[in-house]
Amino acid sequence: MRIKAEESSAKADELAAKVKTLEQENLAKEQEITSLTHKNSTHEADIEKLEGTNKDLKEQVDRFGHSGSQNEALQRRLQILEEEAEEADKNIRETNDKLRQTDVKAGHYERKVQALESARDQWEEKYEEMSKKYAQVKKELEEFQLEIGNI
């Protein structure tokens, strides 16, 4: 009987330890439930707040939706202006290239004019020299004719 009593006592101690463990686990679970309940209520408040913000944002989107078409028109206008600016840039580059080519040609023709003027001046000098020689030869011829006429 003593053995049975000891076994019963050991069993009771074991069961008491098990009950204590289960009570601690139960207490931990209750604390976890309380914590999760608090988190859940916090999340629900956050959800309500976000739903309100979402509603406000949808209203703003609806209001700005009308601005969207205006924004699209402005975007198209901007694109057109950018294309026109690119075209103007292209025209400026082409005009600058043509101007450079014209400057080169003008320089070439200026040199050509200078060369022709120089050649003209040389021909004029030769003409003057030849005119002087002609006048001198004519004078000599007249003098020679006078001398022949006097003989």
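L141, F144 and I148 together make a nonpolar patch of about 300 Å² on the surface. The model you are looking at is predicted, and I148 is a good place to start exploring, since this residue lies in helix α1 and is partly exposed, with a relative accessible area of 46%. From there, the briefing turns to the whole chain, then to its charged side chains, its rings and one pair of residues to find for yourself.

**The nonpolar patch**
- Three residues build the patch, namely L141, F144 and I148, and the area comes to about 300 Å².
- Why does I148 count as partly exposed? I148 has a relative accessible area of 46%, and partly exposed covers the range between under 20% (buried) and over 50% (exposed).

**The chain as a whole**
- How many helices and strands does the protein chain have? The answer is one helix and zero strands.
- Helix α1 covers residues 2-150, so try following this helix along the model.
- Along the principal axes, the C-alpha atoms fill a box of roughly 200 × 50 × 15 Å.
- The radius of gyration of the protein chain is 59 Å, whereas a compact globule of 151 residues would have one near 15 Å.
- Of the 151 residues, 1% count as buried.
- The chain exposes about 14700 Å², and carbon and sulfur atoms supply 55% of that area.

**Salt bridges**
- Side chains of opposite charge can pair when their charged atoms come close.
- How many salt bridges does the count come to? There are three.
- In one of them, the side chains of D97 and R100 meet, with 2.8 Å from N to O.
- D97 and R100 are three residues apart in helix α1, so about one helical turn separates them.
- D97 is partly exposed, at 36% relative accessibility.

**A network around R120**
- R120 forms a salt bridge with D121, where the closest N and O atoms are 3.1 Å apart.
- D121 is partly exposed, with a relative accessible area of 33%, and R120 is also partly exposed, at 43% relative accessibility.
- R120 has a salt bridge with E124 too, and here the closest N and O atoms are 3.7 Å apart.
- Why does the contact between R120 and E124 count as a salt bridge? The N to O distance is 3.7 Å, and the cut-off is within 4 Å.
- Both R120 and E124 lie in helix α1, four residues apart, which is about one turn of the helix.
- E124 is partly exposed, and its relative accessible area is 41%.
- Which residues are joined into one network? Salt bridges that share partners link R120, D121 and E124.

**Rings**
- Look for K126 over the face of W123, at 5.1 Å from the ring centre.
- How many aromatic pairs does the structure hold? The count is zero.

**A pair to find yourself**
- A28 is found in helix α1 and is partly exposed, with a relative accessible area of 40%.
- How far apart are A28 and H43 in space? They are 22 Å apart, C-alpha to C-alpha, with their positions 15 residues apart in sequence as the separation.

Technical notes:
Residues numbered from 1 in each chain as written. Predicted model: local features only at pLDDT ≥ 70, side-chain atom pairs only at ≥ 80, totals over all residues. Heavy atoms only, no water. Helix = DSSP H or I, 4+ residues; strand = E, 2+ residues; numbered from the N terminus. Buried < 20%, exposed > 50% of the residue type's maximum accessible area, 1.4 Å probe, protein only. Patch = residues over 30% accessible without salt bridge, like charges linked within 9 Å, V, L, I, M, F, W, Y side chains within 5 Å. Areas by Shrake-Rupley, 256 points an atom, 1.4 Å probe, with all protein chains shown as cover. Phe/Tyr/Trp six-rings, centres within 6.5 Å; stacked < 30°, edge-to-face > 60°. Lys NZ or Arg CZ within 6 Å of the ring centre and 35° of its normal. Rg over C-alpha atoms; globule rule 2.2 N^0.38 Å.
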